[in-house]
Protein chains: 2
Amino acid sequence: MPVKRHRQAPTQADVARRAGVSQATVSAVVNGRAAANRIPAETERLVKDAVRELGYAANPAARSLRGKGNRLLGVHTFEAVFPISSRDFYHEFLIGVEEQAVAEGYDLVLFTSTEGPNGQRRLYQADGSNRLKVADGSVLLGVAHDHSDLARLGRDGYPFVHIGRREVPGAEIPYVGADYAAGTRDAVAGLVALGHRRVGYLGIPHRVESLVDREAGYRAACAAAGIPALPVLMDGTELTPEWFDLAVGTGITAFVTEDEGLAGRLVEFAAGRAMGIPDDLSVITLRDTANGPYPGTPWSCLGIPRNEIGRAAVRLLISMLQAPPETRLGPATARAGGDPGGEATSVPQADPGGSDVDIVSQVLLPCTPPGAGTIAAPPRGNA
Amino acid sequence: MPVKRHRQAPTQADVARRAGVSQATVSAVVNGRAAANRIPAETERLVKDAVRELGYAANPAARSLRGKGNRLLGVHTFEAVFPISSRDFYHEFLIGVEEQAVAEGYDLVLFTSTEGPNGQRRLYQADGSNRLKVADGSVLLGVAHDHSDLARLGRDGYPFVHIGRREVPGAEIPYVGADYAAGTRDAVAGLVALGHRRVGYLGIPHRVESLVDREAGYRAACAAAGIPALPVLMDGTELTPEWFDLAVGTGITAFVTEDEGLAGRLVEFAAGRAMGIPDDLSVITLRDTANGPYPGTPWSCLGIPRNEIGRAAVRLLISMLQAPPETRLGPATARAGGDPGGEATSVPQADPGGSDVDIVSQVLLPCTPPGAGTIAAPPRGNA
DNA sequence: ATGAGTTGCTGATACGAAACAGCTAGGGGA
DNA sequence: TCCCCTAGCTGTTTCGTATCAGCAACTCAT
């Protein structure tokens with residue numbers, strides 16, 4: 001019984017044998033360097049026929065070992081991807097990522113193997129190995145609880161883009177995020193324009209960058225309007241009806257909140273006090289959500305351009321891949337839409353002309369302003 | 001100005017130099033073969049320290065080039081993944097795939113680059129190259145409109161598992177699917193047990209395997225019960241009120257339909273005739289769905305164990321990868337739950353003892369039986 | 001003292017593709 | 001005739017890792 005050493009994927013050497021040329025010639029032909037290597041059309045045809053007949057496909061491992069990319073973009077989320085995608089905050093980002101990957105002809109690697117026994121996903125394994133390196137570069141999603149991993153990734157020279165602004169001391173993290181500061185600032189300015197003079201701010205205790213930015217935007221708007229900044233960070237248990245009464249008693253006519261949970265509590269308390277939303281109290285949620293306080297009424301919430309952020313992240317990543325390594329970590333920063341009405345999105349891209357120009361590696365895209373749902377002019381007597 | 005050839009990721013050679021050992025020793029240590037290679041604990045510590053200090057991380061490309069797989073499983077869908085995932089028929093499969101991949105420590109490659117200008121995704125590019133080969137093996141989702149690609153994939157010896165039964169002449173396609181035949185048979189048998197004697201079958205014209213199976217199950221149930229099989233395949237436009245009146249006039253008291261669109265038309269017609277569902281007419285949908293005919297009433301529908309199918313597909317694929325290539329395409333077939341009540345899932349797996357046993361490469365998992373929503377005993381006079 | 005066996009490594013090689021240096025055959029000019 | 005040039009390739013090395021054969025040094029039994 002013959003032991004058939006069957007079905008090994010054909011290599012360039014196999015193709016070369018069949019076409020009667022050398023492996024180097026095959027390499028030249030399949031990489032489109034035929035003209036540059038002075039391969040005549042006849043030989044090229046010979047090789048291409050052999051490729052077709054054998055079903056040759058380049059081994060990506062070998063290519064990437066040799067320093068060529070393998071057109072693989074990694075997607076690392078710090079939580080599971082598919083299980084939560086429909087309800088997930090990150091799902092829409094992934095849509096953008098996939099769309100842009102399709103457009104650019106890259107495939108996506110979903111890093112799931114990085115999940116430890118505790119369910120947390122880390123960039124570096126316990127043994128120090130880093131799975132991300134199978135991909136040419138990666139998009140990082142979610143909040144890394146270990147910033148040192150991010151810094152290390154940068155030091156290793158691995159190309160990556162973080163979704164959401166991230167600040168790591170001593171490292172220049174490339175990111176694409178939403179401009180929460182400007183968005184919040186404009187939203188609060190909108191309240192002021194309606195006549196509100198005391199606008200409360202409800203935050204959650206966990207001060208990640210995206211929340212710090214919102215708070216900063218709030219403070220900026222208050223300063224610009226000459227009204228007091230009244231930020232309160234609470235962990236939910238402290239948000240009592242008594243506190244609410246006190247706050248409203250001081251003349252607060254509007255709240256901005258960092259999530260819809262806090263906003264929901266406000267609605268609850270207002271109902272208990274026979275106050276109507278938005279007629280007696282305006283509420284803006286700084287994180288967009290599908291639901292509203294009551295059926296038919298959506299929250300007035302800051303819109304996060306998730307899809308566009310996902311796409312921009314992939315564009316930025318690819319431009320980093322195409323740029324020479326030295327220019328990869330340029331500190332240039334773009335803040336698109338920082339001025340009200342400025343809708344032009346500063347798209348990160350390698351400079352088409354000179355190749356020694358830094359890539360804009362930190363991008364903030366403008367949020368869409370809150371809709372009318374839970375915003376109104378303050379009640380008379382408070383205006 | 002010094003040209004710093006900076007930030008190259010450290011290699012085993014670097015580690016070896018620092019630890020004062022050879023590269024081979026480093027390889028042994030980092031791969032846990034220290035004991036097998038008689039490396040003393042002292043040397044092992046030396047190496048591990050160097051690994052830590054340099055931040056060495058194995059290069060996955062080199063590793064997989066050397067014959068180890070790269071622990072990458074491909075996921076090829078014949079449509080886009082993320083954009084449709086929340087509402088998508090395939091989404092739940094992907095959840096299962098991801099969960100099992102996490103459990104087995106594999107990463108997932110989402111093939112998006114295979115999308116042609118027409119939006120269709122093909123396995124082989126025009127030039128004959130096949131991106132799937134980046135991954136050790138792949139899970140295929142959706143209906144390939146070109147069966148020859150599947151056959152070619154099999155001939156190429158590439159390990160893959162199709163989700164959903166697929167039949168290709170001259171090729172033994174490994175798959176994991178739902179046992180629609182048994183599920184439909186049992187569902188119809190259930191109707192018969194309730195007293196129905198004329199059960200109609202509404203199909204769509206496109207006869208893919210999964211629909212053929214349902215129809216076969218229907219015919220089997222009818223034959224077993226000694227009642228006439230009345231399958232009608234229509235393209236939707238033919239489903240008129242007149243036809244419905246005619247069908248009901250012949251004494252049909254129940255319908256099974258291949259999708260909820262057809263079932264919806266039935267409800268519509270029944271309403272026009274002042275017939276109640278399920279009191280005057282029972283309806284079973286052979287494809288599960290979140291919605292029902294009216295609020296509060298879910299369809300009685302065949303439940304597809306999507307999550308489990310996704311998981312089983314990954315398990316099968318991995319068992320194929322671990323088996324020697326010769327046994328990869330074993331024709332063995334498992335039909336789990338073919339007998340009513342048989343809930344044991346025949347899990348495909350490499351034989352733990354002898355390695356020369358074929359893998360069960362074609363698996364059908366049992367559907368969950370339809371619930372009570374739109375099923376009832378036939379009205380008196382028809383029973 | 002000698003051979004056998006063990007311990008603890010090292011050197012060489014292979015994996016598949018890409019890059020580059022260089023070789024040969026033929027033509028053309030001086 | 002000799003030299004140079006060019007077209008059209010080939011040979012060889014390289015990337016980082018895994019594996020295997022094998023070698024030096026030492027121990028132990030004979």
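**View 1. Residues around DNA strand D in the predicted model**. DNA strand D is surrounded by 27 residues, and the closest are A:Thr25, A:Pro40, B:Asn31, B:Tyr56 and B:Arg66. Of the atoms of DNA strand D within 4 Å of the protein, 55% belong to sugar and phosphate. The surface near this strand is made of nine nonpolar, eleven polar and seven charged residues.

**View 2. Contacts to phosphate oxygens of DNA strand D**. In chain A, a polar side-chain atom of Thr43 (A:Thr43) lies 2.7 Å from a phosphate oxygen. An N or O atom in the side chain of B:Ser27 is 3.2 Å from a phosphate oxygen of the strand. For B:Asn59 a polar backbone atom is involved, at 3.1 Å from a phosphate oxygen. Two or more residues of the surface near DNA strand D come from each of these elements: α2 of chain A, and α2 and α4 (60-65) of chain B.

**View 3. Residues around DNA strand C**. Here 27 residues lie around the strand, and A:Arg66, B:Thr25, B:Arg38, B:Pro40 and B:Thr43 come nearest. Sugar or phosphate makes up 57% of the strand C atoms within 4 Å of the protein, and bases make up the rest. By class, the residues near DNA strand C are ten nonpolar, ten polar and seven charged.

**View 4. Contacts to phosphate oxygens of DNA strand C**. A polar backbone atom of A:Gln12 is 2.6 Å from a phosphate oxygen. Side-chain N or O atoms appear at 2.6 Å from a phosphate oxygen in B:Thr25 and at 2.6 Å in B:Thr43. The elements giving two or more residues to the surface near this strand are α2 (23-30) and α4 (60-65) of chain A, together with α2 (23-30) of chain B.

Note on methods:
Residues numbered from 1 in each chain as written. Chains lettered and ligands numbered in written order. Predicted model: local features only at pLDDT ≥ 70, side-chain atom pairs only at ≥ 80, totals over all residues. Heavy atoms only, no water. Near = heavy atom within 4 Å. Polar contact = N/O pair within 3.5 Å; in protein donor to acceptor, adjacent residues only side chain to side chain. Helix = DSSP H or I, 4+ residues; strand = E, 2+ residues; numbered from the N terminus. Nonpolar A, V, L, I, M, F, W, Y, C, P; charged D, E, K, R; others polar.
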